[in-house]
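Here is a short, friendly briefing to read beside the model. Take a moment with the fold on screen, then follow the bullets topic by topic.

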Amino acid sequence: GDSTVFCFNDKAEQNWKCEIPNSKIISADKISSNSIAVAVSEIDNAGEIAGNKTDIVVINKSGVKTVIFSVDSRVKNIKCHNGIIAINTGNAVFYINKEGKLISKYNSKTSISGVNFLSRNKTMLSEKSSVVINAIK
């Protein structure tokens, strides 16, 4: 199957829809009022995620999608703040800008369940038995 992202206006009327063929949406977040980031993985004929690759796709206010970054891992979730996208793979967090340039990477010895931004330069990472405040360098 295909995944579809819809954009509605404040009157609940559909502005556009963006289809992402043969994929499953893993996570999505708003980058700005003009764009969103979506983590997508390819699916097989049975509808299951195929392989470990995840693409980070930016969709602009017109519904145009662009793959900006790929990770050779399954992504648990993404979070965006002030033009920065945090990509959580469970054992690492990649920080990229909205153009897809890698800014920083954090590796963990335990499982990371979630990422929250404290500011443009700091995130709070929920790990298995602790919380880590990480400075984005």
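The largest pocket is lined by 13 residues, and those nearest its centre are Ser23, Val40, Ser41, Glu42 and Asp55. This is a predicted model, in which local features need pLDDT of at least 70 and side-chain atom pairs count only at pLDDT 80 or more, while totals for chains, interfaces and linings use all residues. Residues are numbered from 1 along each chain as its sequence is written, and side-chain values use heavy atoms, with hydrogens and water left out.

**The largest pocket**

- A pocket here is an open set of points on a 1 Å grid over the protein atoms alone, where a 1.4 Å probe fits and protein lies on both sides within 12 Å along at least five of seven lines; lining residues have an atom within 4 Å of a point.
- The space in the largest pocket comes to about 170 Å³, a volume being the space filled by probe spheres set on the grid points, which are joined across faces, edges and corners.
- By type, the lining residues are six nonpolar, four polar and three charged (Ala, Val, Leu, Ile, Met, Phe, Trp, Tyr, Cys and Pro count as nonpolar, Asp, Glu, Lys and Arg as charged, and the others, Gly among them, as polar).
- Strands S4 (35-42) and S5 (54-60) each give the lining at least two residues; strands are DSSP runs of E, at least two residues long, numbered from the N terminus.

**Strand S5 and its neighbours**

- S5 is largely enclosed by the rest of the structure, because six of its seven residues are buried (buried means under 20% relative accessible area, exposed over 50%, and partly exposed in between, with a 1.4 Å probe and protein chains only).
- S4 and S5 run antiparallel and are joined by six bridges, where two strands pair if DSSP finds at least two bridges between them.
- Within that pairing, serine 35 has asparagine 60 of S5 as its bridge partner.
- S5 is also joined by six bridges to strand S6 (residues 65-71), again in an antiparallel arrangement, and here aspartate 55 is partnered by serine 70 of S6.
- The hairpin of S5 and S6 has four residues between the strands, and in this hairpin glycine 63 takes a positive phi near 90°.

**Salt bridges**

- How many salt bridges does the structure hold? There are two, each defined as a side-chain nitrogen of Lys or Arg within 4 Å of a carboxyl oxygen of Asp or Glu.
- Lysine 53 pairs with aspartate 55, with the closest N and O atoms 3.6 Å apart.
- Lysine 53 is partly exposed at 42% relative accessibility, whereas aspartate 55 is buried at 16%.
- Lysine 17 forms a salt bridge with glutamate 19, where the closest N and O atoms are 3.6 Å apart.
- Both ends of this pair are partly exposed, lysine 17 with a relative accessible area of 47% and glutamate 19 with one of 37%.
- As background, side chains of opposite charge can pair when their charged atoms come close.

**Strand S12 and its partners**

- Strand S12 (residues 122-127) has two faces: Thr123, Leu125 and Glu127 make up the covered one, and Lys122, Met124 and Ser126 the uncovered one.
- On the covered face, threonine 123 is buried, with 0% relative accessibility.
- The side chains of threonine 123 and tyrosine 95 are joined by a polar contact of 2.6 Å (a pair of N or O atoms within 3.5 Å; within protein, one must be able to donate a hydrogen and the other to accept it, and residues adjacent in sequence count only if both atoms are side-chain atoms).
- S12 runs antiparallel to strand S11 (residues 112-119), with six bridges between them, and the two form a hairpin with two residues in between.
- Valine 115 has leucine 125 of S12 as its bridge partner.
- With strand S13 (residues 131-135), S12 shares five bridges, also antiparallel, and a hairpin joins S12 to S13 through three residues.
- In this pairing, lysine 122 stands opposite alanine 135 of S13.

**Positive phi in loops**

- Which residue in the loop between strand S1 (3-8) and strand S2 (14-20) is worth a look? That loop holds alanine 12, whose phi is near 65°, a positive value in a residue other than glycine.
- Alanine 12 counts as exposed, at 62% relative accessibility.
- Asparagine 82 lies in the loop between strand S7 (77-81) and strand S8 (84-88) and has a positive phi of about 55° although it is not a glycine.
- Asparagine 82 is exposed as well, at 51% relative accessibility.
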